[in-house]
Amino acid sequence: MGFNVKGKKITIIGAARSGLAAAQVVLRLGGIAKISDSKAIGDTLDSRLYVNGEYSLGGRGGDKGRTLVEAGGHTKDFIQDSDYVVLSPGVRRDAEPVLWARERGIEVMGEIEFAFRLCPCPIVAVTGSNGKTTTSTVIAEIIKASGRRVCLCGNIGSPFSKYVLDLTASDIVVLEISSFQLESTIHFKPHVSVWTNFSQNHLDRHKDLQEYFEAKCRILVNQGPEDFAVLNFQEPLHRKLVDRLKSKVLFFNQSDARLAFPVKGEGVVDNPNYLAALQAAHALGISDQVCMKVFAEFKGVEHRLEFVRDLGGIDFINDSKSTTVEAGRWALERAHRPLIMICGGLDKHLDYAPLKPLVAQKVKHMIAIGQARDIMKSTFGDVVAVDTFTSFEEAVTAARHVAKPGECVLLSPMCASFDMFKDYEDRGRIFKEIVNNLR
């Protein structure tokens, strides 16, 4: 693409992991990096690394890797002399810095777009309302098992920019990508796009479901005839997309209601995330035998239906990665014991009511936490007993006292975590710490 960073002044909006990784790339390529963050020094950036308006990306005492920083708010003057503006995923497209940059004719792109323009190797990009972390992880394991070098990054936890300058043409990037990241792409063009499913999510960020859907579609729009789109046959909107696409479409999930898929006599795959991974592997020319071996050995991802411990015959399950209604449905459908369900957190303006029949069937007692605790109580209070808590530790302890041997305490919040925790991983780690300290 001929993207040149050397000598360019690039302002990064947002000083979390993605923003700092992008700034380091700019400096390594000989550009001038500036960072603007809405939070005060100490909230996002380490105050020990901040001196006289500059921040050290090289750690304490390092003279190299210093970048200009404004914190506690954005200003026009800081942005107006930029050649490019790069957005962290948490920055909205209608945020003031974005509008200021566009008024000046400055090109605005997301961190994913920025890293893509520097990437020398093929990309497998995975999105979806649910299941994208598991699918991304399984695809990466399949590629590794086939003998290729793979880089797993993106929304899964490590920014694309962190790795992009160390990649070679023979590598493959597996990129988990959210609607927040997709909406600020321009030329982003993965060789293989995987879209696991579509359901209501992030309606606190997107104005409606259609805008959310169109953001997801950006994973497909730049693909050509040499590329592949792996779509879910059970999603009517996916089937309608076919006429819009130039890429080769590979559907998964076309079988019966059990989602069964026989693979050359090797057994049956009954997990839609695995079915999506299988089609992605086919697009890359990887055999079914390699895939089946990975499926058989895969132990799951942390914070997704993760078994924590058995305490006196009570199972404790960490499903902190459940941040949507459908993720909660997935967890409930797989429960084989009466549940004490811990849910709630930062509400994303989702409709939880469709889960009421399943909650009535599976959940013995509900513990609601966080900003959405009263929403959970008003939604489910007529089908199950609901207790609300402002303290997470008290909530987990209460769940343990309600549960009886043969039952299960399930943390499946169906909400974002940012009202009480740094992120869903922080929420899951703290849950495990509390559970492992129970006596």
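Select Val98 first, in helix 3, which covers residues 96–103. The model on screen is a predicted one. Val98 has 0% relative accessibility, so it counts as buried; the cut-off for buried is under 20%. To see what surrounds Val98, show Leu87, Val91, Arg92, Arg93 and Val108, which it touches when residues up to four places away in sequence are not counted. Now add Met109: Val98 and Met109 are eleven residues apart in sequence, and their C-alpha atoms are 9.5 Å apart in space.

Next, go to the largest nonpolar core. This core has 50 residues, and those that touch the most other members are Phe114, Ile123, Phe160, Val173 and Phe188. In soluble globular proteins, nonpolar side chains tend to be buried together. Centre the view on Phe160. Leaving out residues up to four places away in sequence, Phe160 touches Glu111, Ile112, Ala115, Phe116, Cys119, Ile123, Cys153, Gly154, Leu167, Val173 and Leu175. Another core, of 29 residues, lies apart from the largest one; Ile142, Val194, Ala283 and Val301 are among its members.

Now select helix 5, residues 132–145, together with helix 9. How far apart are the axes of helix 5 and helix 9, and at what angle do they pack? The axes are 9 Å apart and the angle is about 40°. Helix 5 is therefore oblique to helix 9. The two helices, 5 and 9, make a right-handed crossing. To see the contact, show Thr134, Thr135, Val138, Ile139 and Ile142 on helix 5, then Asn273, Tyr274, Ala276, Ala277, Ala280 and Ala281 on helix 9. Sorted by class, the contact of helix 5 with helix 9 holds eight nonpolar residues, three polar and no charged ones.

Keep helix 9 (residues 272–283) on screen and add helix 10 (residues 288–297). This pair packs at an angle of about 150°, and the axes are 10 Å apart. Helix 9 and helix 10 are therefore roughly antiparallel to each other, since angles over 145 degrees count as such. Where helix 9 passes helix 10, the crossing is right-handed. From helix 9, pick out Tyr274, Ala277, Leu278, Ala281 and His282; they meet Asp288, Cys291 and Phe295 of helix 10. The residues of this contact between helix 9 and helix 10 are six nonpolar, one polar and one charged.

Move on to helix 7, residues 209–217. Which residues of helix 7 are buried? They are Tyr212, Phe213, Ala215, Lys216 and Cys217. Show what covers these buried residues of helix 7: the cover includes strand 8 (123–127), helix 6 (179–182), strand 11 (192–195) and helix 8 (236–241).

The last stop is a pair of histidines in loops. Select His303, in the loop between helix 10 and strand 16 (306–311). His303 is not a glycine, yet its phi is positive, at about 75°. Is His303 buried or exposed? With 2% relative accessibility, His303 counts as buried.

Then select His349, in the loop between strand 18 (339–344) and helix 12 (356–362). Its phi is near 65°, again a positive value in a residue other than glycine. His349 has 51% relative accessibility and so counts as exposed; the cut-off for exposed is over 50%.

Terms used. Residues are numbered from 1 along each chain as its sequence is written. This is a predicted model: local features need pLDDT of at least 70, side-chain atom pairs count only at pLDDT 80 or more; totals for chains, interfaces and linings use all residues. Side-chain values use heavy atoms; hydrogens and water are left out. Buried means under 20% relative accessible area, exposed over 50%, partly exposed in between (1.4 Å probe, protein chains only). Helices (H or I, at least four residues) and strands (E, at least two) are DSSP runs, numbered from the N terminus. Contact means heavy atoms within 4.5 Å. Axes are lines fitted to C-alpha atoms, for helices over the stretch in contact, and angles run from 0 to 180 degrees between N-to-C directions. Angles under 35 degrees count as roughly parallel, over 145 as roughly antiparallel, 65 to 115 as roughly perpendicular and the rest as oblique. A crossing is left-handed if the near helix is turned anticlockwise from the far one by less than a right angle, and right-handed if clockwise. Ala, Val, Leu, Ile, Met, Phe, Trp, Tyr, Cys and Pro count as nonpolar, Asp, Glu, Lys and Arg as charged, and the others, Gly among them, as polar. A nonpolar core is a set of buried Ala, Val, Leu, Ile, Met, Phe, Trp, Tyr and Cys residues joined through side-chain atoms within 4.5 Å.
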